[in-house]
Amino acid sequence: MTFDALVLGAGIVGVSVAVHLQRRGMSVALVDRKSPGNETSFGNAGLIQREGVYPYAFPRDLATILRFARNRSTDVRYHPLAMGTIAPFLARYWYHSAPARHAAIARDYSTLIAHCVTEHRALIEASGAQDLLREGGWVKVFRTTAAMDAALRDAERWRTEYDVPFERLDTSRLRLEEPSLTHALVGGLRYTASDSVSDPGALVGAYARYFESLGGRVYTGDATTLRPHWSVQTEAGLIEGRRAVVALGPWAETVTRALGYRFPLAVKRGYHMHYRAQPGAALNQPVLDAEHGFLITPMTRGIRLTTGVELGLRDTPPTPTQLAAVEPLARETFPLGERVDPVPWLGRRPCTPDMKPIIGPAPHHRDLWFAFGHAHHGLTLGPVTGRLVAELMTGESPIVDPSPFRAERF
């Protein structure tokens with residue numbers, strides 16, 4: 001069983017890479033230990049963030065750093081025992097978050113973000129997943145005018161620099177559109193060019209079925225068995241590929257380290273839980289509480305509550321204290337009913353210190369390609385990353401300049 005390409009990782013990035021390679025006439029095997037869309041891609045907020053031109057930076061002001069250091073913030077928590085391990089990553093993350101460096105990163109990052117909605121919509125139409133798509137954007141809400149004014153300044157800058165549209169929602173407009181939200185909110189901002197989906201895991205599953213309809217093959221297998229030049233063990237036996245793509249998200253480091261690469265990767269962990277809405281209550285779109293760092297959004301399973309960031313090691317057992325901290329705030333914001341899930345879901349976002357993904361050929365191995373490190377924007381950037389990787393692998397003119405995302409920068 002020999003293929004033109006082995007794609008390791010069946011999250012949104014890996015599935016998108018597999019689709020675009022199969023579309024270009026390659027025979028592709030997609031390999032993961034779980035079925036498509038059942039790890040990191042399963043549990044995100046479902047946002048396709050056209051407004052996300054500035055990736056999430058490390059805070060630079062002392063007041064915010066001290067607030068996080070107390071480890072009681074609702075939007076960021078950390079594992080004290082993990083700090084020794086991840087401190088070098090955090091130091092580099094802080095360095096790259098300086099305003100001038102962050103602005104330069106945004107200029108690179110925005111080239112991918114600019115195509116996120118159009119590339120998703122193309123795959124959604126091809127895969128017949130239109131019922132999962134919500135157009136019209138998402139809303140960031142505020143409890144104080146100071147916080148809203150600061151976000152408004154950012155939104156104005158994004159519109160000027162990168163043509164990102166938004167709408168300002170005053171109190172009456174917000175109550176008209178979301179009457180079930182608390183009246184303690186002073187207003188909101190809606191990023192109108194962004195989309196969202198009602199089930200991210202189902203979306204990845206739909207893309208995977210489309211991949212199979214094109215002739216692609218999905219295998220259950222162990223990516224850590226990858227060997228040059230190139231083979232991997234699956235439940236169907238050993239399969240081989242003329243090329244291999246590592247799209248393993250937070251698990252990419254396990255495979256790349258075995259091949260001799262030392263990328264400065266870390267994870268930002270996060271949790272979600274689904275709830276029923278109380279009788280008569282309805283939520284019409286994703287809503288982010290900007291000052292407490294949680295998001296509520298209508299999903300097929302119920303109202304999904306997602307947390308902010310938990311800094312820790314990838315494989316540490318779940319510690320959902322952050323979910324416990326924001327749940328009462330979420331209940332004050334929207335009339336949530338009983339929990340639907342038996343336990344909170346834990347996901348891991350794969351991060352680089354310069355906030356840009358690693359996309360492109362491996363520096364020291366022929367026919368090996370990388371596509372990981374998308375942090376908070378894995379769902380957002382999956383399809384455009386898939387297209388970019390496929391274009392590079394087949395010698396086409398790439399949709400964006402790939403050089404800012406090359407592995408050699410580390």
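I looked up Phe89 and Tyr93 first, and both are buried. The model is predicted, and I read every entry below with that in mind.

**Phe89 and Tyr93.** I checked how the two rings are placed. A pair of aromatic rings is described by the distance of the centres and the angle of the planes. I counted aromatic pairs and got 14. Phe89 and Tyr93 make one such pair, tilted, with 5.8 Å centre to centre and 45° between the planes. Why are they about one helical turn apart? Because Phe89 and Tyr93 lie 4 residues apart in helix α3, residues 83-96.

**Other rings.** I noted one aromatic cluster, formed by Tyr54, Trp138, Trp158, Tyr162 and Tyr191. I then looked for charges over rings. Arg33 has its charged end over the ring of Trp251, 4.7 Å from the ring centre. Arg101 does likewise over Tyr95, at 3.6 Å from the centre.

**Helices α5 and α11.** I took the pair α5 (residues 116-127) and α11 (residues 378-394). Their axes come within 8 Å and cross at roughly 80°. An angle of 65 to 115 degrees counts as roughly perpendicular, so α5 and α11 are roughly perpendicular to each other. I listed the contacts too. From α5, Cys116, Glu119, His120 and Leu123 take part. They meet Leu379, Thr380, Leu381, Pro383, Val384 and Arg387 of α11.

**Record.** I looked up the UniProt entry, which is unreviewed. It lists residues 4-392 as "domain: FAD dependent oxidoreductase". Over residues 4-392 I find 35% helix and 27% strand. The end C-alpha atoms of that stretch are 15 Å apart.

Terms used. Residues numbered from 1 in each chain as written. Predicted model: local features only at pLDDT ≥ 70, side-chain atom pairs only at ≥ 80, totals over all residues. Heavy atoms only, no water. Phe/Tyr/Trp six-rings, centres within 6.5 Å; stacked < 30°, edge-to-face > 60°. Helix = DSSP H or I, 4+ residues; strand = E, 2+ residues; numbered from the N terminus. Buried < 20%, exposed > 50% of the residue type's maximum accessible area, 1.4 Å probe, protein only. Lys NZ or Arg CZ within 6 Å of the ring centre and 35° of its normal. UniProt positions renumbered as here; feature names shortened; annotations may be inferred. Axes fitted to C-alpha atoms, helices over the stretch in contact; angles between N-to-C directions. Parallel < 35°, antiparallel > 145°, perpendicular 65-115°, else oblique. Contact = heavy atoms within 4.5 Å.
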